[in-house]
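I opened a new model today and kept notes as I went. The entries follow in the order I looked things up.

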Amino acid sequence: MIFNFNKAVITASLFITASFGIVFFSCNTDEKQLSDVEPQVIQVDTTKIPDNKFGKAVKYGRSLMLNTAYYIGPKGTKGRFLGNKMNCSNCHQDAGTKLYSFNLMKSHEDYPQYRAREGKILTLAERINNCVMRPHNGKPLPLDGEEMVALLSYFKWINSFVPKGEPFPGQKNKSIELPATAANPEQGQVLYDMHCVRCHGKEGEGLLQKDKSTYQYPPLWGPEGYQPGSSMHRNIKQAQWLKANMPHDKATAEKPFLTDKEALNIAAFVNSDKIHKRPNPKNFDYPHAEEKAIDYAHQPFVDPFSEEQHRLGPYQPIIDYLNSKGYTPTY
């Protein structure tokens with residue numbers, strides 16, 4: 001399957017390896033550069049959450065990551081901000097601490113930062129609301145509300161377990177080799193039926209938990225799915241995530257199950273707007289076309305390639321063209 005609702009509680013001592021070489025949500029750093037660096041061991045220990053008011057906020061923030069829909073979903077107990085019943089941990093697994101799974105342990109340190117998708121500098125709170133509005137199809141959390149403060153507190157706390165100023169392997173999703181041919185949605189459907197349908201359903205509808213409050217396995221398209229403006233709707237970005245994480249009971253970052261090409265083909269099928277409907281975004285972002293990620297397949301572009309090639313590839317001609325014109329290709 002593709003996306004696993006990993007609700008497992010972070011164990012009292014969760015060990016992860018880390019060293020140098022990647023920036024939070026950066027676009028094209030090669031993790032192979034890190035292979036010769038001696039790793040550090042970082043201990044994430046939930047028993048060290050302080051027993052005070054700040055610690056209470058940290059615990060609530062972590063609960064929000066794992067049980068987002070329960071608290072702030074369409075029928076949330078603390079407010080109704082999400083437009084669907086997915087949880088943050090669907091993509092940011094283990095409450096944002098799993099390596100190669102849109103890891104969030106550097107987020108508190110790395111924001112504010114310039115975001116090409118919005119064309120401006122965003123605070124971490126604004127970045128959180130981007131997720132609330134896009135993958136969750138919701139409305140922004142109040143910046144001074146209990147939920148936003150709790151999430152920011154949690155991100156500050158998990159940031160305390162990583163080296164300051166030093167990016168680490170797993171902070172970014174797993175890198176993939178871009179094939180010389182275009183991704184194939186038809187082959188992706190075959191792979192989806194083999195590996196993903198058992199959890200996410202034939203129609204990508206996902207599987208709700210028994211109480212219907214959220215999903216055991218999230219929807220991948222349809223009215224409850226993520227918007228085209230979401231990072232998961234970019235095929236390279238999704239394939240990088242799939243490589244280390246799916247199928248959830250077979251793949252690990254150290255031993256991926258899917259090949260790079262297979263991951264791209266699955267992403268091409270799941271994200272095909274010709275095959276699947278999903279919620280319509282209000283805009284397609286990237287106000288500066290020259291900063292647009294190469295797999296963000298919406299006009300305008302500063303290159304002569306079609307939306308279809310930006311969506312499916314081959315990507316190397318796009319990269320070569322952008323480099324020849326002095327632009328920085330990102331993905």
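**Notebook: rings, cores and one helix**

I began with Tyr-192, which is buried at 0% relative accessibility. I note here that the model is predicted.

Next I asked what kind of ring pair Tyr-192 and Trp-221 form. Their ring centres are 5.5 Å apart and their planes stand at 45°, so I logged the pair as tilted. This pair joins distant parts of the chain. Tyr-192 sits in helix α7 (residues 185–195), while Trp-221 is in the loop between β6 (215–217) and α9 (235–245). The two are 29 residues apart. Trp-221 is buried too, with a relative accessible area of 7%.

**Other rings**

I then searched the whole structure for aromatic pairs and got nine. For Trp-157 and Phe-161, the ring centres lie 4.9 Å apart with planes at 75°, so that pair is edge-to-face. Is Trp-157 buried or exposed? I found it buried, at 6% relative accessible area. Phe-161 is buried as well, at 15%. I also found a cluster: ring pairs link Tyr-60, Tyr-70 and Tyr-71.

I looked for charges over ring faces. Lys-139 lies over the face of Phe-81, 5.6 Å from the ring centre. Arg-278 lies over the face of Tyr-226, 4.3 Å from the ring centre.

**Cores**

Which residues have the most contacts inside the largest nonpolar core? I noted Met-65, Tyr-154 and Phe-155, in a core of 36 residues. Helices α1 (53–66), α2 (68–72), α5 (124–133) and α6 (146–159) each supply at least two of its residues. The largest share, seven residues, comes from α6.

I followed Phe-155 further. Leaving aside neighbours within four places in sequence, Phe-155 is in contact with Met-65, Leu-104, Ser-107, His-108, Leu-124 and Ile-128.

Apart from the largest core lies another, of 34 residues. Its members include Leu-191, Trp-221, Ala-268 and Leu-322. I had already met Trp-221 in the tilted pair with Tyr-192.

**Helix α12**

Leu-322 took me to helix α12 (residues 316–324), whose buried residues are Ile-318, Ile-319 and Leu-322. Why do I place them on the same side of α12? They cover an arc of only 100° around the axis, and that puts them there. I checked what covers these buried residues, and α11 (307–312) is included. My last stop was Gly-326, just after α12, which takes a positive phi of about 85°.

Definitions and conventions: Residues numbered from 1 in each chain as written. Predicted model: local features only at pLDDT ≥ 70, side-chain atom pairs only at ≥ 80, totals over all residues. Heavy atoms only, no water. Phe/Tyr/Trp six-rings, centres within 6.5 Å; stacked < 30°, edge-to-face > 60°. Buried < 20%, exposed > 50% of the residue type's maximum accessible area, 1.4 Å probe, protein only. Helix = DSSP H or I, 4+ residues; strand = E, 2+ residues; numbered from the N terminus. Lys NZ or Arg CZ within 6 Å of the ring centre and 35° of its normal. Arc of directions from axis to C-beta. Contact = heavy atoms within 4.5 Å. Core = buried A, V, L, I, M, F, W, Y, C linked by side-chain atoms within 4.5 Å.
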